[in-house]
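Student: Before we talk about the inside of this protein, could you fix the terms for me, and then show how each label follows from its definition?

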Amino acid sequence: RLLKMAEFFPESFRLDLKDERNAFFELCKEEQIWICKPSCSNQGRGIFLLKNPAAVNTLQAKLQSSEEHLLNKRVPYKAPQARIVQRYIHQPLLLEGKKFDVRSYLLIACTAPNVLFFAQGYVRLTCVNYDAASDDLTVHLTNQHMQKKNSLYSQLKDETVWRMEHFNSYVNEKFRKTSGLPKDWVFTVFTKRMQQIMLQCFLAAKHKLDRKLGYFDLIGCDFLIDENFKVWLLEMNANPALHTDCKVLKDVIPTVVYESL
């Protein structure tokens, strides 16, 4: 069964497309959080939060002024930097009070014919407890590059990455009874949903892929779970980080690379 986008992808708008840009500015009048990120970047670079109507108005004015500047200079039209704004999920499931997401992997092993593989990855946690009102990006973004900017990272770095087995045990112990989850929810329901979403995204994009014997790609897929155990796809990364700068990553990353090859 194909999912509807609203079932797994937070409401998003492309700011480089005029119709979507206008639809977003029309929609976001009320007090709510949106996350704005460049579409071709990594490591959390260029990401910021829009936390109130004033911040949205500032962004709108900035985009409008750069557009007018280009028109006045009579240079060929250049679209604004490719960015998206995505509705912020402000009630994420927390692990020991901290926000987290899950990095898993999709290997497109071949495009002639299409051959796909899934690999479990790891859990990425923040250094400090979650607070939706915080202006500190290290509270909101879980990737290692961003967490390194937190002063506590050097002493907590091995606690910011969990094995999937640890995550599964934690969910069994802390949430299974209270939330009515099946045993090993992480390796059953959650894993199947990740695979279903990855497959659907592949089917949506496969016509854009170069098809040639020997072509392959390893995609890093980031998933967030909210407090109702709904699974959200945040993004898919064509150039996933393969650093091994903490204990869990020293085990997980070489295995993923070796098995891919």
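Tutor: A nonpolar core is a set of buried Ala, Val, Leu, Ile, Met, Phe, Trp, Tyr and Cys residues joined through side-chain atoms within 4.5 Å, where buried means under 20% relative accessible area with a 1.4 Å probe, protein chains only. This is a predicted model, in which local features need pLDDT of at least 70 and side-chain atom pairs count only at pLDDT 80 or more, while totals for chains, interfaces and linings use all residues. Residues are numbered from 1 along each chain as its sequence is written, and side-chain values use heavy atoms, with hydrogens and water left out.

Student: Which residues touch the most other members of the largest nonpolar core?

Tutor: In that core of 32 residues they are Leu95, Phe100, Val123, Phe167, Trp185, Phe190 and Phe223. The largest share, 6 residues, comes from the helix α8, helices being DSSP runs of H or I with at least four residues and strands runs of E with at least two, numbered from the N terminus.

Student: What makes β10 mostly covered?

Tutor: Of its 7 residues, 5 are buried, so they fall under the 20% limit.

Student: Why are β9 and β10 called a pair?

Tutor: Two strands pair if DSSP finds at least two bridges between them; β9 and β10 have 6, in the antiparallel sense, so the definition is met. Leu224 stands opposite Trp232 in β10, and in the hairpin, with 5 residues between the strands, Phe229 takes a positive phi near 65 degrees.

Notes: Buried < 20%, exposed > 50% of the residue type's maximum accessible area, 1.4 Å probe, protein only.
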